[in-house]
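Please look over the strand pairing and one side chain in the structure below. Short questions and answers follow.

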Amino acid sequence: MTASAGALAGCLGDDEDDEPPTITGTTFETGISTTLEFSDDPLVDIEDNEIVVTGMYSTGNACYDEDFPEPTYDEDDDELTVRLGRIHDGSDECDDLEEMVSYRVTVAFEGSPPGQVHVTEDMGGETTVTP
């Protein structure tokens, strides 16, 4: 499954390296091939104007689906937050099994990279990376 969202937030100055990051697009992919396991913290790679988060987490039993709220940037803390969650699907009866979701989130931005990237997985790992 792939979902995309993005918004341009106006023009940046001439020297984009001195400007705070502006998120220009986000892509979520699930079912990716990865060597990461549920017990591993998510991986964060920062290249050029993209931040790529890769990992695996549990959505719990069969009544929950993965949920990917849009990443947010807090200018005061200079921190990009990526949260991977789960949402109840409305079912009354749920199979008691552990469903795992492998994922890749790509956040494109303009300006300088954020000072920190904080990633949390519902029922999974958490990591903070300083580029």
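Two strands count as paired if DSSP finds at least two bridges between them. The model discussed here is predicted.

Q: Do S7 and strand S9 run parallel or antiparallel, and how many bridges join them?
A: Pairing takes at least two bridges. S7 and strand S9 (residues 116–121) run parallel. The number of bridges that join them is 6.

Q: Which residue in S9 is the bridge partner of Thr 81?
A: S7 is joined to S9, residues 116–121. Within S9, Thr 81 has as its bridge partner His 118.

Q: In which sense do strand S5 and strand S7 pair, and which residue in S7 stands opposite Asp 67?
A: Strand S5 covers residues 64–67, and strand S7 covers residues 79–88. They pair over 4 bridges in the antiparallel sense. Opposite Asp 67, in S7, stands Gly 85.

Q: What is the phi of Asp 78 in the turn between S6 and S7?
A: Strand S6 (residues 72–74) runs antiparallel to S7, with 3 bridges. One bridge pairs Asp 74 with Glu 79 in S7. The two strands form a hairpin with 4 residues between them. In that turn, Asp 78 has a positive phi of about 50 degrees.

Q: Is Met 56 buried or exposed?
A: Met 56 lies in strand S4, residues 50–60. Residues it touches beyond four places in sequence include Leu 36, Phe 38, Met 100 and Tyr 103. The cut-off for buried is under 20% relative accessible area. Met 56 has 17% relative accessibility, so it counts as buried.

Q: What distance separates the C-alpha atoms of Met 56 and Asp 41?
A: The two residues are 15 residues apart along the chain. Their C-alpha atoms are separated by 8.3 Å.

Conventions
Residues numbered from 1 in each chain as written. Predicted model: local features only at pLDDT ≥ 70, side-chain atom pairs only at ≥ 80, totals over all residues. Heavy atoms only, no water. Buried < 20%, exposed > 50% of the residue type's maximum accessible area, 1.4 Å probe, protein only. Contact = heavy atoms within 4.5 Å.
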